[in-house]
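Thanks for making the time. I have one structure to go through this morning, so please look at it while I talk.

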Amino acid sequence: MKQSISFKLNHELVSVNVNGEESLLTVIRTYLDKTGTKYGCGLGDCGACTILIDNKPQRSCMILVEDVAGKEILTIEGLSSNGSLHPIQKSFIAHDALQCGFCTPGMIMNAYGLLIGDPNPTREKIISGMEENLCRCGSYNRIVDAIQTAAKEMNKKIKL
Amino acid sequence: MKPDKITELHFDHVDKPISSDRRNFLKKLGGGIIVVFSIGELSLLKSWGQNTSEDLLNFNAYLRVKEDGRVDCYTGKIEMGQGVTTSLAQVLAEELEVSVYSIDMIMGDTELCPYDAGTWGSLTTRFTDPVLRAAAAEAREILIDLAAEHFGVSDEMLDVINGTVFVKNDPSKNITYAALTKGKKIVQTLTKKPELKKPKDFKIIGKPVISLDAEAKVTGTAKYSGDIKLPGMVYATVVRPKVFGSKKLQVDSSKLSEFEGVELVEDGNLVAVVHQDPEIANKAANKVKITWEEPVAKADNETIFQFLDKNIKENKVFEEEGNLKAGRDVSETLIEANYFDGYKAHASIETHSATCYFQDDKLTMWASSQTPFGTREQLAKTFDMPLEKVHLKQIFIGGGFGGKIYNQQAIEAAKIAKFSSKPVQLVWSRREEFMYDRFRTAALIKTVSGVDSNGKLKLWEFDIYCAGTRGTKLFYGIPNNRTRIFNDDNVHPFGTGAWRAPGNNSTTFARESHIETTAFATGIDALEFRLDNLKNENMSATLKLAAETFGWERKKQEGHGYGIALGEDAGTTVAIIAEVHVDRTTGKVQPIRVVCAQDMGQLVNPHGAKLQTEGGITMGLGYALYEDIAFNGGRMESRNFKNYEIARFSNTPKIECVFIDNMDSKPQGGGEPAIICVGGAIANAVFDACGARVNRMPVTPQRILEALRHG
């Protein structure tokens, strides 16, 4: 049975007509055309599909769409505001913390979730918080550097 | 003899007439200043191993200076994360005298870009650079001629800075490329050998430039083959057997009636279900029952090495010098060992994907492929269509590493689209990826070394099973040596193919482990032993740079070990020194630090070279410590990232990359070389740390503990 499910996607209310058992990843990519979130394994092992649900990083391939009714979802497309890149995005560019770019949206969203939960993480905390996100091109060290730089930038902004 | 420097390139047949089909091609490109020629005109590239002589004569556009002052750069290469979007833009910008940020890369589009056999073998910088530089230098000369006409002065009176032509001594007289190009369409073939810049005059080549495609990738706007959405498109799921190589006997699709709107596609061994919702296609495909005839398993991941040894007898001598018996006689110590390396997956985070549609009699496709032109040929052949009726479009590739040159998914997607008469998207699941990836072959290497009482190597016997000879030409001076290759491509239980520096990982692991074992037997320090026995000066210099950067003499902490490995790949010499910590009770290895020194000739983008080196080392750590395809015949037991571990954040050590300063020479390969030394350096560092000599990749805790038990 099709049902209408509503939630906030990148600050806007959206409704989809679905069975409810579809994965959030499928709904975001196929029904809502936000293809920045990637399919990497469909098993929650790689983190390419990471998005934020109510500010917590989650694997969208493992979440049923009926479980996000009324919640706030943020994908990579919703991260920059008013045409200006988010500090994490800027920092990923500055550190060139990517190669093929396929894991990058998931990395950035996981990092954002991590920094919302802990604005001043140590290097060790960043590593353990990012551990389940995989990058085959081998940008791990640069990603950690980028997250450290972004944390500093974000904290500066909060103080102002 | 091949010229050693780009500036020594020479050209012939430079003024071929333009034929009518070529004029049609040019119409597609629009206005501006377009430089065209065939690679055949570049004499150096006649020996370009990967293209056929016909390809070399293909007439191609290489760049177009547009009326808005931006420049389109055309190349048949693709971007899969290796950074050529940036490095190719750099060489073009250098010769054209424009900002690197004014260049748009048009890549891998089979209707617009020059033919290219494939993006592999770390060839892009080595072979595309000279062509683009020549085209850009030619375009610069055309623009200067136009400016000379505009100002009524001679070419010598003019200078270009950042896309603007100035009259020397009167900079108030200036005109931009955009203004010079306005309203014009000038198609220029090469008329003479273009004047290329000397390295001392470089402003952009050799400078670090951040990846030009980074912004598209951090905002999620970069498009990959699975991100294309077409009107009326359906998603396909292929019904797969459990065992690789199974043959379809019978299909029962009666349960499909439970799903509204699904369609069954059956074309020979290919059975698929399509639906406009990918999850319904997937669920429905699971309900299609196929009876398969499964091949009998002949080997598993433990017995495979014996199997290869037993079944491959034919061999060829690759290199031979001196006399092996004499080598044995003069050696004081003989050391014999076998080295083993399992199958490895490419494991790109993007699985094989393709989106395509037929319109009239033409097929258009976006595919995650390292070989768009090869895909075009495969598709044309599959459907018996002319090449020009197949169009592969530009798209980002989410990692390749040699795995995306076979294009099975592209053919499947096109067959399904043809059958269903609908636009189709096919994205392989991770499980399909772990079955239809063309894995790097397992390898066995039998090695004998002999060393005299002065610590000089006198004998080297190297029998390679299934790893190829790439990079195995001896750079150690050993008077009596023989390298043989034993191979049979049909012996493997599933598809195999190229994997970042094919085979050179296995052979370098074997050679460098054995050199270290030999050094240890003589009691000579591993660094000193190598320097004493190397015959290649470049290699010695590279090793010294690595040792200096690493601090080879530094005191080791408790439980830590250092390991060296040397290798050669794609024209680049590599020396890696790794430091690891080994927990003797658990066998767990923690990589601490990796130093990599390389001589890769001219560094076009030193920053990009560093990224590639770091990436190769990180990927290599996975292969050295964790990655091993588990299988029983064609039944894959490694099916996802839980049972095929790759390197992660926590096991990536500090990585330092240093390069020999060699700007005056040709650029060499950068994408692959570093990875070849990781296995050997890690195995040697583990031995140094705890005394466990593990002759089999990956060096797992279990193998370390076993080696410690058996001494």
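I will take the chains in turn, then the contact between them, and end on a single residue. A word of caution before that: this is a predicted model.

Let me begin with chain A. The domain assignment divides chain A into domain 1, residues 3–78, and domain 2, residues 87–159. Their centres, taken over C-alpha atoms, are separated by 21 Å. Where the two touch, domain 1 of chain A contributes 15 residues and domain 2 of chain A contributes 14. On the domain 1 side, strand S3 (50–53) and strand S4 (56–59) of chain A are the elements that give two or more residues. S3(A) gives the most, with 3 residues. By class, that side of domain 1 of chain A is made up of 7 nonpolar, 6 polar and 2 charged residues.

Those two strands belong to a sheet. It is an open sheet of 5 strands in chain A, with the order S2-S1-S5-S3-S4 and mixed pairing. Which strands are at the edges? They are strand S2 (12–18) and S4 of chain A, and each of them pairs on one side only. On average, neighbouring strands here are turned by 40° against each other, direction ignored. For a parallel pair in this sheet, look at strand S1 (residues 3–9) and strand S5 (residues 72–74) of chain A, which are joined over 2 bridges. Opposite A:Leu9 you will find A:Ile73, in S5(A). One helix to note against this sheet is helix H3 of chain A, residues 104–117. H3(A) lies across S3 and S4 of chain A, and its direction makes an angle of about 35° with S3(A).

Now chain B. Here the assignment gives three domains: domain 1 (6–218), domain 2 (225–294 + 352–427) and domain 3 (304–343 + 439–710). Between domain 1 and domain 2 of chain B, 17 residues of the former are in contact with 16 of the latter. The domain 1 side of that contact has 7 nonpolar, 6 polar and 4 charged residues.

The sheet I want to show in chain B is an open one of 3 strands, in the order S5-S6-S7, with antiparallel pairing. Strand S5 (158–161) and strand S7 (170–176) of chain B are its edge strands, pairing on one side only. The twist from one strand to the next averages 30°. S5(B) and strand S6 of chain B, residues 164–167, are joined by 4 bridges. In one of these pairings, B:Asp159 has B:Phe166 in S6(B) as its bridge partner. Across S5, S6 and S7 of chain B lies helix H4 (residues 124–151) of chain B, at about 125° to S5(B).

H4(B) comes up again in the nonpolar core. The largest core has 239 residues, and those with the most contacts inside it include B:Leu63, B:Leu92, B:Ala236, B:Ala546 and B:Ile576. H4(B) supplies the largest share of this core, 10 residues. There is also a second, separate core of 6 residues, with B:Phe127, B:Phe401, B:Ala498 and B:Trp499 among them.

Next, the contact between the chains. How many residues does each chain bring? Chain B has 46 residues in contact with 42 of chain A. On the chain B side, the elements that give two or more residues are helix H6 (214–218), helix H7 (278–287) and helix H16 (606–625) of chain B. The largest share comes from H16(B), with 7 residues. The chain B side divides into 20 nonpolar, 15 polar and 11 charged residues.

Last, a closer look at one stretch of chain B. B:Lys544 lies in helix H15 (residues 537–550) of chain B. Is B:Lys544 buried or partly exposed? It counts as partly exposed, because it has 16 C-beta neighbours inside 10 Å, and a buried residue would need 20 or more. The C-alpha atom of B:Lys544 is separated by 8.7 Å from that of B:Ala575, 31 residues apart along the chain. B:Ala575 is also one of the residues that B:Ala546 touches. Leaving aside residues up to four places away in sequence, B:Ala546 also touches B:Ile576, B:Ile577, B:Val595, B:Cys596 and B:Ala597. B:Ala546 is, again, among the residues with the most contacts inside the largest core.

That is what I wanted to show.

Conventions: Residues numbered from 1 in each chain as written. Chains lettered and ligands numbered in written order. Predicted model: local features only at pLDDT ≥ 70, side-chain atom pairs only at ≥ 80, totals over all residues. Pairing = 2+ DSSP bridges. Axes fitted to C-alpha atoms, helices over the stretch in contact; angles between N-to-C directions. Contact = placed C-beta atoms within 7 Å. Core = buried A, V, L, I, M, F, W, Y, C linked by C-beta atoms within 7 Å. Buried ≥ 20, exposed ≤ 12 C-beta atoms within 10 Å, placed from the backbone. Domains from an automatic or database assignment. Nonpolar A, V, L, I, M, F, W, Y, C, P; charged D, E, K, R; others polar.
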